[in-house]
Amino acid sequence: TFDVFVTSMDEVTRSNDQLRERAESQQTQAYLYAGLFVVLWLIAIIALIRLVERPLVRLGEVVAAAGAGDHAQRAETSGPRELRKIALALNAALDSLERVERQAGALAEERLDDPVLQESAPGMLGTSLQAAVGRLASGMAERDEFQRRLALEASRDGLTSLPNRSSIMGLLDAAMARSARSSSTTALLFLDLDDFKVVN
């Protein structure tokens with residue numbers, strides 16, 4: 001009976017050792033799976049950070065450049081939906097700003113027929129800017145017309161629209177210079193109307 005007991009104990013010990021080895025093996029597998037899960041989780045977090053970080057960094061660069069006066073750069077429209085919306089809005093604002101700068105340049109150089117003056121930015125700001133550009137262009141056109149009329153009135157008689165005394169003197173000087181260069185003669189006919197002031 002003692003041999004049976006020892007044999008039984010040896011089997012129990014062996015069985016116990018096998019169970020312990022199996023438990024250790026399962027525990028090792030659990031640790032490996034947990035470690036693998038943590039590594040995959042960290043990779044996913046790093047990928048997500050990279051996905052968000054690059055567009056954010058580029059967005060910051062574009063904003064900094066715009067603050068420094070460089071409106072030619074544009075934000076990338078990649079990454080999460082919210083970042084894409086922000087990038088699209090920033091790009092639209094920069095497009096509008098560039099348009100306004102081109103319009104201001106055209107007005108400053110008095111290019112009133114420049115097609116850029118007909119372009120309009122979207123929204124209320126665009127409507128307001130277009131109205132302001134229209135008023136400025138209209139004012140400049142009126143000023144040019146006024147200057148043309150002043151120049152005409154300064155050189156013409158208001159009643160007859162014939163050249164006035166100062167204009168005649170300029171024309172006479174030019175005719176005499178022309179005749180001196182070409183060795184020809186110049187004639188001047190002077191008519192005086194008596195009592196013209198009364199008629200006038």
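Reader: Which residues are exposed on the other side of α4?

Author: This is a predicted model, so read every value as computed from it. Exposed means over 50% relative accessible area. On that side of α4, the exposed residues are Arg165, Ser166, Asp173, Ala180 and Arg181.

Reader: And which residues of α4 are buried?

Author: Buried means under 20% relative accessible area. In α4 that applies to Ser167, Ala175 and Ser179. They cover an arc of only 105 degrees around the axis, so they sit on the same side of α4.

Reader: How many residues does α4 have, and what is its reach?

Author: Compare the end-to-end reach with the value expected at 1.5 Å a residue. Helix α4 has 18 residues and runs 26 Å from its first C-alpha to its last. That is close to the expected 26 Å.

Reader: What comes just after α4?

Author: Look at the backbone angle phi. Most residues other than glycine have a negative phi. Serine 183, just after α4, has a positive phi of about 55 degrees. This serine lies in the loop between α4 and α5 (196-199).

Reader: Is serine 183 buried or exposed?

Author: Serine 183 is exposed, because its relative accessible area is 69% and the cut-off is over 50%.

Reader: Where does the largest pocket get the largest share of its lining?

Author: From helix α4 (residues 165-182), which gives 4 residues. The whole lining has 17 residues. Pro163, Arg165, Ile168, Phe190 and Leu191 lie nearest the centre of the pocket. Arg165 also appears among the exposed residues of α4.

Reader: How much space is in the largest pocket, and what classes of residue line it?

Author: The space is about 820 Å³. By class, the lining has 11 nonpolar, 3 polar and 3 charged residues.

Reader: Now α2. What is its reach, and how many residues does it have?

Author: Apply the reading used for α4. Helix α2 has 28 residues and reaches 40 Å from first C-alpha to last. The expected value is 40 Å, and the reach is close to that.

Reader: Which residues of α2 are buried?

Author: The buried set holds Leu83, Ala87, Leu90, Asn91, Leu94, Ser96, Arg99, Gln103, Ala106 and Leu107. Alanine 92 is also found in α2. Its relative accessible area is 38%, so alanine 92 is partly exposed.

Reader: What separates alanine 92 from alanine 174?

Author: Read two distances, one along the chain and one in space. Alanine 92 and alanine 174 are 82 residues apart along the chain. Their C-alpha atoms are separated by 58 Å.

Reader: Which residue just after α2 takes a positive phi?

Author: Glutamate 110, at about 55 degrees.

Reader: Where do aspartate 113 and aspartate 114 lie?

Author: Aspartate 113 is in the loop between α2 and α3. Aspartate 114 is placed in the loop between α2 (81-108) and α3 (123-155).

Reader: Is aspartate 113 buried or exposed? And aspartate 114, buried or exposed?

Author: Use the cut-offs again. Aspartate 113 has a relative accessible area of 71%, so it is exposed. Aspartate 114 has 18%, so it is buried.

Reader: What does the side chain of aspartate 114 reach?

Author: Check for a nitrogen or oxygen partner. The aspartate 114 side chain reaches the backbone nitrogen of valine 116 at 3.0 Å.

Reader: How far apart are aspartate 113 and alanine 137?

Author: Take sequence and space in turn. They are 24 residues apart in sequence. C-alpha to C-alpha, aspartate 113 and alanine 137 are 9.2 Å apart.

Technical notes
Residues numbered from 1 in each chain as written. Predicted model: local features only at pLDDT ≥ 70, side-chain atom pairs only at ≥ 80, totals over all residues. Heavy atoms only, no water. 1 Å grid on protein atoms, 1.4 Å probe; cavity = no way out; pocket = protein on both sides within 12 Å on 5 of 7 lines; lining within 4 Å. Points joined across faces, edges and corners; volume = space filled by probe spheres on them. Helix = DSSP H or I, 4+ residues; strand = E, 2+ residues; numbered from the N terminus. Nonpolar A, V, L, I, M, F, W, Y, C, P; charged D, E, K, R; others polar. Buried < 20%, exposed > 50% of the residue type's maximum accessible area, 1.4 Å probe, protein only. Polar contact = N/O pair within 3.5 Å; in protein donor to acceptor, adjacent residues only side chain to side chain. Expected span 1.5 Å × (residues − 1). Arc of directions from axis to C-beta.
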